[in-house]
Amino acid sequence: MRAAVLHEIGQDKLEILDDVEATGFGPGRVRIRVRATGLCHSDLSAMAGVLPQPAPFVPGHEGAGEILEVGEGVTNVKPGDRVVVCWLPACGACPACKRGQTELCLAGFMNAGTPNFKRPGGDVFGFAGTGTFTEEVVVDAGCAVPIPDDVPFDIAALIGCGVTTGLGAALNTADVEAGSSVAVIGCGGVGISAIQGARLKGAAEIVAVDPVASRREAALKFGATRAVSPDELPDAKQTVTAGEGFDYVFEVVGRSATARTAYDNTRRGGTLVVVGAGAMDDNLQLNMFELFFDEKRILPSMYGGGDVLRSYERTIALWRAGRIDLEGLITHRVPLSDINEALDQMRSGVALRTCIEI
């Protein structure tokens with residue numbers, strides 16, 4: 001079968017191969033025919049070595065498709081079911097799950113160290129224990145979440161990561177207060193979803209911050225009240241908050257420099273939400289006086305900071321009701337054979353989300 005493979009960390013191109021086989025099928029596992037997958041910036045980060053991932057590997061973790069076969073003991077899905085791939089399934093038994101913090105369950109990460117594929121030259125891993133830039137993938141049954149028939153595969157794929165992450169940051173982690181002021185730094189698919197979440201919660205002012213003009217224009221269509229370049233953020237802070245700082249600032253880039261900017265633009269007593277996934281050696285510096293004196297809340301948001309399955313259901317309900325726009329997030333579509341074109345679109349910033357149709 002076909003799959004897009006990165007041979008070595010640091011390479012910037014994927015190779016489309018037709019000699020890849022999905023492995024690991026057995027009890028408690030399912031085989032999925034991938035129909036659509038989104039390109040998330042985390043895929044690029046893993047390719048570059050920013051996020052830890054063994055190679056060679058098949059990128060992709062934001063996917064949807066159909067169940068081809070199920071292993072012994074699988075009861076949540078059956079062949080023919082339409083599913084979204086959940087790259088962070090909850091085991092239900094660990095301390096984090098028992099506390100209700102299922103987004104902190106590490107069971108899914110344990111799968112990342114086990115190869116999901118093989119080819120004549122040896123084993124191939126799947127990103128985040130999945131790997132959706134392929135025609136078929138075998139995953140734990142808990143990674144296959146059934147979706148209603150009226151949810152298209154491309155929309156379901158977005159719900160599998162970017163939308164859930166961005167919406168959840170505003171709805172769950174920050175719990176944005178109605179009438180508040182919000183700034184979102186980084187307006188790709190996740191940032192736009194955070195903007196939609198802040199709008200749903202009733203934020204009075206939502207300032208989108210991004211260096212790419214097309215993303216700023218898009219942000220206004222999704223609910224931002226104004227959109228500025230990073231250089232224009234100080235003026236926006238002065239205009240919107242009289243210089244005090246925003247009630248909530250979402251950092252959706254994953255770099256210490258933008259996290260520091262986000263902190264500096266959060267008002268005293270306000271909330272900084274860290275959404276972007278960054279590198280382990282990229283350290284954010286805060287002095288102990290400002291940390292104490294400014295009393296700013298710093299809230300990391302992992303995968304939307306809430307129960308993933310509940311978040312999926314909520315997102316579908318909001319989409320059905322017309323409260324959020326998911327179709328508009330997909331700005332580009334390419335077949336698997338043109339996956340490197342999608343990578344270029346993401347790197348240049350012209351794409352909010354590119355859907356790879358398989």
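Student: Which residue stands opposite Leu272 in S17?

Tutor: Leu272 stands opposite Ile298 of S17, and since we are reading a predicted model, every such pairing should be taken as a feature of that prediction. In general, side chains in a regular strand alternate between the two faces of the sheet. Here the two residues belong to a pair of strands that run parallel, S16 (residues 266-274) and S17, joined by 4 bridges.

Student: How many strands form the sheet, and in what order do they come?

Tutor: The open sheet has 6 strands, which follow one another as S14-S13-S12-S15-S16-S17 with parallel pairing. At its edges are strand S14 (226-228) and strand S17 (297-300), each of which pairs on one side only. From one strand to the next, the twist averages 20 degrees.

Student: Which strands does helix H8 lie across, and at what angle does H8 run to S15?

Tutor: Helix H8, residues 233-241, lies across strand S12 (181-185), strand S13 (205-209), S14 and strand S15 (246-251), and its direction makes an angle of about 150 degrees with S15. Helix H9, residues 256-264, lies across S12, S15, S16 and S17, and runs at about 150 degrees to S16.

Student: Let us turn to charged pairs. How many salt bridges does a search of the whole structure find?

Tutor: The general idea is that side chains of opposite charge can pair when their charged atoms come close. A search of the whole structure finds 19 salt bridges. One of them involves helix H9, where Arg260 pairs with Glu290, with the closest N and O atoms 2.8 Å apart. This pair links distant parts of the chain, because Arg260 is in helix H9 whereas Glu290 is in helix H10 (residues 288-293), 30 residues apart.

Student: Is Glu290 buried or exposed?

Tutor: Glu290 counts as buried because its relative accessible area is 11%, and the limit for that class is under 20%. Its partner Arg260, with a relative accessible area of 23%, is partly exposed.

Student: Which residue forms a salt bridge with Arg35?

Tutor: Arg35 forms a salt bridge with Glu66, and the closest N and O atoms are 3.0 Å apart. Arg35 is in strand S4 (residues 29-38) and Glu66 in strand S6 (residues 62-70), so that this pair, too, links distant parts of the chain, 31 residues apart. Arg35 counts as partly exposed at 31% relative accessibility, and Glu66 counts as partly exposed at 24%.

Student: Why does the salt bridge of Arg333 with Glu357 tie together parts that are 24 residues apart in sequence?

Tutor: The closest N and O atoms of Arg333 and Glu357 are 3.1 Å apart. Arg333 lies in strand S18 (residues 330-335) and Glu357 in strand S19 (residues 353-357), so the pair ties together parts of the chain separated by 24 residues. Arg333 is partly exposed, with a relative accessible area of 44%, and Glu357 is also partly exposed, at 40% relative accessibility. Elsewhere, Lys13, Asp344 and Arg347 are joined into one network by salt bridges that share partners.

Student: How many bridges join S18 to S19, and what unit do these strands make with helix H12?

Tutor: S18 and S19 run parallel and are joined by 5 bridges, with Pro335 standing opposite Glu357 in S19. Together with helix H12 (residues 339-348), the two strands make a right-handed β-α-β unit. Glu357 can thus be read in two ways, as the residue opposite Pro335 and as the salt-bridge partner of Arg333.

Technical notes: Residues numbered from 1 in each chain as written. Predicted model: local features only at pLDDT ≥ 70, side-chain atom pairs only at ≥ 80, totals over all residues. Heavy atoms only, no water. Pairing = 2+ DSSP bridges. Axes fitted to C-alpha atoms, helices over the stretch in contact; angles between N-to-C directions. Contact = heavy atoms within 4.5 Å. Salt bridge = Lys/Arg side-chain N within 4 Å of Asp/Glu carboxyl O. Buried < 20%, exposed > 50% of the residue type's maximum accessible area, 1.4 Å probe, protein only. Right-handed = clockwise from strand over helix to strand, strands pointing away.
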